Amino acid sequence: MAEIRLEQLAHSYHGAPSNPADYALRPMDHVWEQGGAYALLGPSGCGKSTLLNIISGLLVPSEGRVLYDGKSVNDLTPQQRNIAQVFQFPVVYDTMTVHDNLAFPLRNQGQTRERIDARVREVAEALEIEPLLNRKAQNLTADEKQKVSMGRGLVRDDVAAILFDEPLTVIDPQLKWRLRRKLKEIHQRFNVTMVYVTHDQLEASTFADKIAVMYNGQIVQFGTPRELFENPQHTFVGYFIGSPGMNLLDIALGASGIELEDRALAVPDAVVARLRQHEKGRLQLGIRPEFVQLVASADAVLHGYVDLVQDQGTFKIVDVRLDTPSAPVIKVRLEEEAPVPDGRIGVHFPEAWQRFYIDDHLVEAADEDL
Ligand SMILES: Nc1ncnc2c1ncn2[C@@H]1O[C@H](COP(=O)(O)OP(=O)(O)OP(=O)(O)O)[C@@H](O)[C@H]1O
């Protein structure tokens with residue numbers, strides 16, 4: 001097990017990168033602590049696989065260093081790095097039994113037969129594949145093969161880390177949830193550093209204690225699921241995490257305070273003063289659909305009409321179109337039983353849940369603002 005540290009790491013697939021857009025990974029510093037359960041979450045093409053392959057040694061970074069427990073591994077092969085990697089599609093030896101597939105990495109290390117058998121049984125039991133141990137891998141379903149692939153990653157207890165690259169893609173949706181929980185249990189039991197790549201926020205938050213959100217070749221936030229939900233450091237995190245994502249509204253700093261088009265919003269003076277300290281840039285107000293309140297028309301400065309109601313079974317998503325000149329839509333998440341208001345309604349953003357962004361980055365509240 002190891003701490004994995006990235007130092008000014010960057011990668012470009014172009015021979016001679018000349019601008020930031022030429023980089024699949026932009027310069028980053030990051031630490032995965034020893035024994036942690038982490039997810040690397042982001043949309044397709046943001047650089048997740050590139051980063052994982054650099055950590056495992058399948059890809060040589062064009063800039064920066066990867067350190068395991070403080071030592072650079074840039075010049076080491078994947079084998080020398082002692083990393084286990086589980087890919088999207090199962091990697092198993094079809095002609096071998098499940099037992100022999102799991103035993104293979106240990107036999108390569110020359111471990112004793114007793115030790116191998118004990119460890120194979122332990123891992124098979126954790127993954128609930130004990131009944132399959134004597135079956136040939138070629139006769140297994142895709143789900144079962146992927147469990148064997150995971151088992152091959154878990155079976156060695158000397159690995160620096162286990163990297164999972166969207167490992168549940170081929171798994172039946174019914175089984176996915178169970179396997180994610182299983183992986184979490186296995187993490188707690190074996191205490192090994194795990195990095196789990198996914199584009200699915202639910203998958204990330206059920207597995208990981210901390211999630212690194214990637215966007216455009218950068219880690220834009222590293223935090224617990226709760227931190228990502230309550231305090232998105234970047235508008236992308238606000239938009240990507242949550243169901244639906246955060247409402248983001250263009251606002252301006254006027255003489256009297258924060259203005260949303262032709263309306264003056266109720267924002268504490270200290271927050272307005274703080275925003276005024278910043279250079280010019282695109283200013284946005286973010287508010288999660290869970291925190292928007294629909295109130296009596298007389299009690300609000302913003303008003304609108306319900307445009308659309310989507311019943312999700314356990315909650316409702318209501319689109320409210322504001323009656324400001326550009327008529328933006330605000331998403332509001334309501335309890336399943338809550339009534340949907342009729343006619344002109346007031347829309348209120350509680351101060352505690354207002355977040356402000358300049359050029360997509362959160363403007364942190366100063367202690368005295370809180
Ligand atoms: N071998 C390659 N040669 C050139 N460009 C590449 C190569 N591999 C990836 N890229 C580009 O690098 C960027 C990051 O790709 P990467 O596969 O790391 O993203 P990802 O987040 O893992 O996406 P996905 O979830 O679709 O696998 C993308 O723009 C991709 O087109």
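These exercises with worked solutions concern the predicted model shown above. Residues are numbered from 1 along each chain as its sequence is written. In this predicted model, local features need pLDDT of at least 70, side-chain atom pairs count only at pLDDT 80 or more, and totals for chains, interfaces and linings use all residues.

**Exercise 1. Domains**

Task: State which domains the assignment gives and how far their centres are apart.

Solution. Step 1: domain 1 covers 4-231 and domain 2 covers 243-369; such bounds come from an automatic or database domain assignment. Step 2: taken over C-alpha atoms, the centres of domain 1 and domain 2 are separated by 39 Å. Step 3: the unreviewed UniProt entry lists residues 4-241 as "domain: ABC transporter". UniProt positions are given in the numbering used here, feature names are shortened, and annotations may be inferred rather than shown by experiment. Step 4: residues 4-241 are 37% helix and 23% strand, with their end C-alpha atoms 25 Å apart. Helices (H or I, at least four residues) and strands (E, at least two) are DSSP runs, numbered from the N terminus.

**Exercise 2. The ligand shell**

Task: Find which residues are around the ligand and how they divide by type.

Solution. Step 1: a residue is near a molecule if its C-beta atom, placed from the backbone, lies within 6 Å of it. Step 2: the residues around the ligand include Tyr13, Ala24, Gly42, Lys48, Thr50 and His199. Step 3: sort them, with Ala, Val, Leu, Ile, Met, Phe, Trp, Tyr, Cys and Pro as nonpolar, Asp, Glu, Lys and Arg as charged, and the others, Gly among them, as polar. Step 4: the shell has three nonpolar, seven polar and one charged residue.

**Exercise 3. Two helices**

Task: Determine how many residues of α1 and of α5 are buried.

Solution. Step 1: a residue is buried if 20 or more other C-beta atoms lie within 10 Å of its own, exposed if 12 or fewer, and partly exposed in between, with C-beta atoms placed from the backbone. Step 2: in α1 (residues 48-56), seven of the nine residues are buried, among them Lys48, Thr50 and Leu51. Lys48 and Thr50 are also around the ligand. Step 3: Gly57 follows α1 and has a positive phi, near 100°. Step 4: in α5, 10 of the 13 residues are buried, so α5 is largely enclosed by the rest of the structure. Its buried residues include Lys145, Val148 and Leu154. Step 5: α5 (residues 142-154) reaches 18 Å from first to last C-alpha, close to the 18 Å expected at 1.5 Å a residue. The expected span is 1.5 Å times one less than the number of residues.

**Exercise 4. Sheets and hairpins**

Task: Work out which strands stand at the edges of the four-stranded sheet, and which residues have positive phi in the hairpins of β18.

Solution. Step 1: two strands pair if DSSP finds at least two bridges between them. Step 2: the open sheet of four strands runs β2-β1-β4-β5 with antiparallel pairing. β2 (25-32) and β5 (71-72) each have a single partner strand, so one side of each is left without a neighbour in the sheet. Step 3: β4 (residues 63-68) joins β5 by two bridges, and Leu67 stands opposite Ser72. Step 4: β17 (residues 302-311) pairs with β18 (residues 315-322) over seven antiparallel bridges. Three residues lie between these strands, and Gly313 takes a positive phi near 95°. Step 5: β18 also pairs with β19 (residues 329-335) over seven antiparallel bridges. That hairpin has six residues between its strands, and Ala327 takes a positive phi near 45°.
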